[in-house]
Amino acid sequence: MSKRDSLGELRDAMRAFARERDWERFHTPKNLAMALAGEAGEVIEHFQWLSGEESVALPQATRGEVSLELADVLLYLVRLADVLDIDLADAARRKMQINAERYPVEKARGRSDKYDRL
């Protein structure tokens, strides 16, 4: 990831955005988690009732709408992590390591089973 689009830069921009508007008092973990869930629901709404094939071949206009909803999810996630003082990139690397241990290639390749059913 380039410095221009790093999570740290995004975090700092979100922090400044909230501070400039005096929104920090509203950005509690509870409120941010609820906003994050709401935005995730708006992503899901675009895929409701589509087949797997249709979901892969979204019309360009719908892809544009989904991209903005995904941006909302990312922004709320980054802001929530900031408020909770969680290094999101570090947490993601730790989780990927956990998943690598739970889903060893030799057992999980080509399967969608949960790790405790491999």
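1. A good place to start is the overall spread of the chain. A compact globule of 118 residues would have a radius of gyration near 13 Å, whereas the protein chain here has 18 Å. Taken along the principal axes, the box filled by its C-alpha atoms is roughly 50 × 35 × 30 Å. Please keep in mind as you look around that this is a predicted model.

2. Next, the secondary structure. The protein chain contains 6 helices and 0 strands, and reading along the sequence gives the pattern α-α-α-α-α-α. The helix numbers in the points below will help you find your way.

3. How much of the chain is buried? Of the 118 residues, 18% count as buried. The exposed surface of the protein chain comes to about 9,100 Å², and carbon and sulfur atoms supply 55% of that area. As for contacts between residues at least 6 apart in sequence, 58% of them join residues at least 24 apart.

4. A word on charge. The protein chain carries 19 positive and 22 negative charges, and the mean positions of the two sets are 6 Å apart.

5. If you visit one residue, try arginine 79, which is found in helix 4, residues 60-83. Is arginine 79 buried or exposed? Its relative accessible area is 5%, and buried means under 20%, so arginine 79 counts as buried. Its side chain makes a polar contact with the side chain of histidine 27, at 2.8 Å. Leaving aside residues up to four places away in sequence, arginine 79 touches Met14, Arg15, Ala18, Glu24, His27 and Leu32. Selecting those residues together gives a good view of the surroundings of arginine 79.

6. Helix 4 also holds arginine 63. With a relative accessibility of 44%, arginine 63 counts as partly exposed. Arginine 63 is 17 residues from histidine 46 in sequence, and their C-alpha atoms are 9.1 Å apart in space.

7. Two loop residues deserve a look at their backbone angles. Most residues other than glycine have a negative phi. Aspartate 22 is not a glycine, yet its phi is positive, at about 55 degrees. You will find aspartate 22 in the loop between helix 1 (7-20) and helix 2 (29-45). Its relative accessibility is 43%, and partly exposed covers the range between 20% and 50%, which means that aspartate 22 counts as partly exposed.

8. The second is tryptophan 49, another residue other than glycine with a positive phi, here near 75 degrees. Where does tryptophan 49 lie? Tryptophan 49 sits in the loop between helix 2 and helix 3 (52-56). Its relative accessibility is 78%, and exposed means over 50%, so tryptophan 49 counts as exposed.

9. Moving along the sequence, aspartate 90 belongs to helix 5, residues 88-102. Aspartate 90 is partly exposed, with a relative accessible area of 32%. How far apart in space are aspartate 90 and phenylalanine 17, C-alpha to C-alpha? The distance is 24 Å, and in sequence aspartate 90 and phenylalanine 17 are 73 residues apart.

10. Finally, have a look at lysine 107, in helix 6, residues 105-108. Lysine 107 has a relative accessible area of 47% and is partly exposed. Between lysine 107 and leucine 118 the separation is 11 residues in sequence, while the C-alpha to C-alpha distance is 6.2 Å.

Terms used: Residues are numbered from 1 along each chain as its sequence is written. This is a predicted model: local features need pLDDT of at least 70, side-chain atom pairs count only at pLDDT 80 or more; totals for chains, interfaces and linings use all residues. Side-chain values use heavy atoms; hydrogens and water are left out. Helices (H or I, at least four residues) and strands (E, at least two) are DSSP runs, numbered from the N terminus. The radius of gyration is taken over C-alpha atoms; the globule rule is 2.2 Å times the number of residues to the power 0.38. Buried means under 20% relative accessible area, exposed over 50%, partly exposed in between (1.4 Å probe, protein chains only). Contact means heavy atoms within 4.5 Å. Accessible areas come from the Shrake-Rupley method with a 1.4 Å probe; for residues, only the protein chains shown count as cover. Lys and Arg count as positive and Asp and Glu as negative; His and the chain ends are not counted. The place of a charge is taken as NZ of Lys, CZ of Arg, CG of Asp or CD of Glu. A polar contact is a pair of N or O atoms within 3.5 Å; within protein, one must be able to donate a hydrogen and the other to accept it, and residues adjacent in sequence count only if both atoms are side-chain atoms.
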